[in-house]
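Work through the exercises below with the sequence and the model at hand. Each task is followed by a solution in steps.

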Amino acid sequence: MAEELKRLSILERLGYERIEGFSEERKVGILVSLLALMIVTAAIAISRGVYEISVVDVYTITLAHLSPLGDTSAVSRLYDTIVWELRIPRILLAITVGVALATSGAVFQGCFRNPLVEPYILGVSSGAAFGASLGIVYPQFFLSIQVSAFIFGSVAVALAYLLARTRDETPIVTLILAGVIIGSVFSALVSIMKYISNDSALREIVFWLMGGFYYASWKDVALVSPIVVASFFVLWLLGWKLNILSMGDEEARTLGVSPEKYKFVLISIATLITSLAVSTVGIIAWVGLMMPHAARLLLGPDHRFVIPAAAMLGGTYLIVCDTLARTLTSAEIPVGIITSILGAPYLFYLLRTRGRAIFG
Amino acid sequence: MLQVNDLYFNYGKKPVFEGVSFDVDEGELCGLFGPNGCGKTTLFKCCLKFLKFHRGSVVMNGIDITDHRIENMAKLVAYVPQEHKPPFPYLVKEVVLMGRTPHLRGVFGISRKDKEQALNALEVLEIGHLADQPYNQLSGGQRQMVLMARAIAQDTKIMFLDEPTSALDFSNQIRIWEIMHRVAEEGVTILACSHDPNHVSWFCNKVVVMNRNGIVAEGAPHHVITEQVLDDIYEGVCAVRSVGGTRMVMPRKVAEREVDGISIESRFGMRNSVPAEVELI
């Protein structure tokens, strides 16, 4: 009881006010449990792998690296490298990519007022795929596959946006059509690249398109995670504005939220993190479409809760999928295959059981 | 409070209205009345800056709306659209709380006061029982009531309502008009368009009548809702009678039938004369 009172007074001092009829404690509770779930999943994933390392060793190494006084000389170099240089950055990158795709999925669905939209709708993935294949086929002209994928992914969305813009307005239908057009153009360009590339480059392109965390390193984590985390918080803070936008342009105007301005900001940030994620790990399907649905199922459509919930579910889901990808067989399975195989039945289940509530 | 001066608007080459002018004083409940397709909704959208008009000006609260920023407009004027269905199943209380958006500030934004105002607005409309239902699964009439509650929660000086009673049952229509009347008495300026001549003549302080050529008449309801004006816009469909001292607009055929009926009754001696309360104006 005393605990309960103390907890409440802390919340109130932080500006949280209770009011009858608007209880948000349950939702906050669910968010906290989702965060806990993600952390636990990550902790379990560290100890899984093709190379058997005992759980005790895994956590000894992890804790040794995390504490300032840690000493890793007690464990073998090989174990240390596997846990600290391979598994942990890979898991962190999986979380980052999951957060990026799920958050931008929620944002895109809200902006486009359509629960079937995914972050790739404006052509990021096809643009990035073309950039990556250019980088693979002509390594002499492009500094890195990642940079080239990022640039072309962003260029594709910018083109779609420019195509759709007429007289200071970007109607949603036009924007989606422009995205489809740009996407198909870049897909055709990818096909050309596949056609003219030699066998090894072709194999690399195909693998890239299926997505995977094979090359995850601390460098990737250091580059991508800070941007994704910062963008996530900005998008989260815009959650209420996104609620208003999802009511429609005129509604938003009536309520003092400029639809042009906020849609531009939201779509730009969402595109930035999607493009970063795709350029780092390739095209991973379903996460951006499914996680916002799952979040809405748990917490209702209010984007102040959907965005963080989707992000944490996305992180958890990709850890699970990637752990399966690297442990199911001795060779790696591209993670995009697993996300789709696990994801499709889930969405089918949603459609059949809760279709009306979610899809309107 | 609201002045519309010589407004011109056309969709492409097709003119919607030309040279529309009228004004509404503070605390007035003004009805906008006119046939389908005469540009009432377009006029609303021009006044709310959803559409850019080509000539003329709209002045609200003493300031030309072209000088109002979108955030400030929302603090000044609320809008209840005709029909609206969002894709996500927001709860009714969340939709009403969205009305508080223009007044939110800071990072955490929504305060106890905002939530209380949202719940109060639901109580004003007596739809507190809907608070926890998904808004997009309500009936059209219930959604209209919710949007009305949102406009009240928005707490603005001016309200635009686009056919606020079109989907409501009879008792709710009367309830909404009475609520609008009460809100106007508190000093809010209301412009509501409606297709029911009786409603505008019973409840409004002022009526503006439009047809495809612009404003036909403007002024107090008993000066404006007359057979002459109604003939002008509806071409001989309506008759205006006084029933027990209250003006009624009714279809001319019904009005004539009723008078005949009474005359038959009186001929057979069931009544001595045409009842005093039914008379021709």
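**Exercise 1. Classify A:V234 as buried or exposed, and place it in the chain.**

Solution. Begin with the count: A:V234 has 11 other C-beta atoms within 10 Å, so it is exposed. The cut-offs are 20 or more other C-beta atoms within 10 Å for buried, 12 or fewer for exposed, and partly exposed in between, with C-beta atoms placed from the backbone. Next, the location: A:V234 belongs to helix α9 (residues 218–237) of chain A. Helices (H or I, at least four residues) and strands (E, at least two) are DSSP runs, numbered from the N terminus. Last, a distance: 8.6 Å separates the C-alpha atoms of A:V234 and A:I269, which are 35 residues apart along the chain.

The model is predicted: local features need pLDDT of at least 70, side-chain atom pairs count only at pLDDT 80 or more, and totals for chains, interfaces and linings use all residues. Residues are numbered from 1 along each chain as its sequence is written, while chains are lettered from A and ligands numbered from 1 in the order in which they are written.

**Exercise 2. Do the same for A:L175 (buried or exposed?) and list its contacts.**

Solution. With 21 other C-beta atoms within 10 Å, A:L175 is buried. A:L175 is part of helix α7 (residues 172–196) of chain A. Contact requires the C-beta atoms of two residues, placed from the backbone, to lie within 7 Å. Setting aside neighbours within four places in sequence, the contacts of A:L175 are A:A160, A:Y161, A:A164 and A:T170. The C-alpha atoms of A:L175 and A:R165, ten residues apart along the chain, are 7.8 Å from each other.

**Exercise 3. Which spans of chain A does UniProt list as "transmembrane region", and what is the secondary structure of residues 28–46 and 145–164?**

Solution. The unreviewed UniProt entry gives residues 28–46, 91–108, 120–138, 145–164, 170–189, 223–243, 264–289 and 333–351 of chain A. These positions use the numbering adopted here, feature names are shortened, and annotations may be inferred rather than shown by experiment. In the model, residues 28–46 of chain A are 100% helix and 0% strand, with end C-alpha atoms 28 Å apart. Residues 145–164 of chain A are also 100% helix and 0% strand, and their end C-alpha atoms lie 29 Å apart.

**Exercise 4. Describe the sheet that contains β1 of chain B, and state which strands stand at its edges.**

Solution. The strand order is β2-β1-β4-β5 (chain B), an open sheet of four strands with antiparallel pairing. Pairing here needs at least two DSSP bridges between two strands. The edges are β2 (14–24) and β5 (63–64) of chain B; each has a single partner strand, so one side of each is left without a neighbour in the sheet. Within the sheet, β1 (residues 2–11) and β4 (residues 55–60) of chain B are joined by five bridges and run antiparallel. In this pairing B:L2 stands opposite B:M60.

**Exercise 5. How many residues link β9(B) to β10(B) in their hairpin?**

Solution. The hairpin runs through two residues. Strands β9 (residues 206–211) and β10 (residues 214–219) of chain B pair in the antiparallel sense over five bridges. B:M210 stands opposite B:I215.

**Exercise 6. How many residues does each chain give to the contact between chains A and B, and what is the make-up of the chain B side?**

Solution. Chain B gives 32 residues and chain A gives 28 residues. On the side of chain B that touches chain A, α2 (70–76), β6 (77–80), α3 (92–98) and α4 (112–124) each supply at least two residues. The largest share, five residues, is from α2(B). By class, this side has 20 nonpolar, five polar and seven charged residues. Nonpolar covers Ala, Val, Leu, Ile, Met, Phe, Trp, Tyr, Cys and Pro, charged covers Asp, Glu, Lys and Arg, and the others, Gly among them, count as polar.

**Exercise 7. Where does the largest nonpolar core lie relative to the domains of chain B?**

Solution. A nonpolar core is a set of buried Ala, Val, Leu, Ile, Met, Phe, Trp, Tyr and Cys residues joined through C-beta atoms within 7 Å. The largest one has 188 residues, and A:A310, B:V96, B:V146, B:A149 and B:I190 have the most contacts inside it. Its largest share, 16 residues, comes from helix α4 (residues 77–111) of chain A. Domain 1 (2–226) and domain 2 (237–281) of chain B both give residues to this core, so it lies between them. The domain bounds come from an automatic or database domain assignment.
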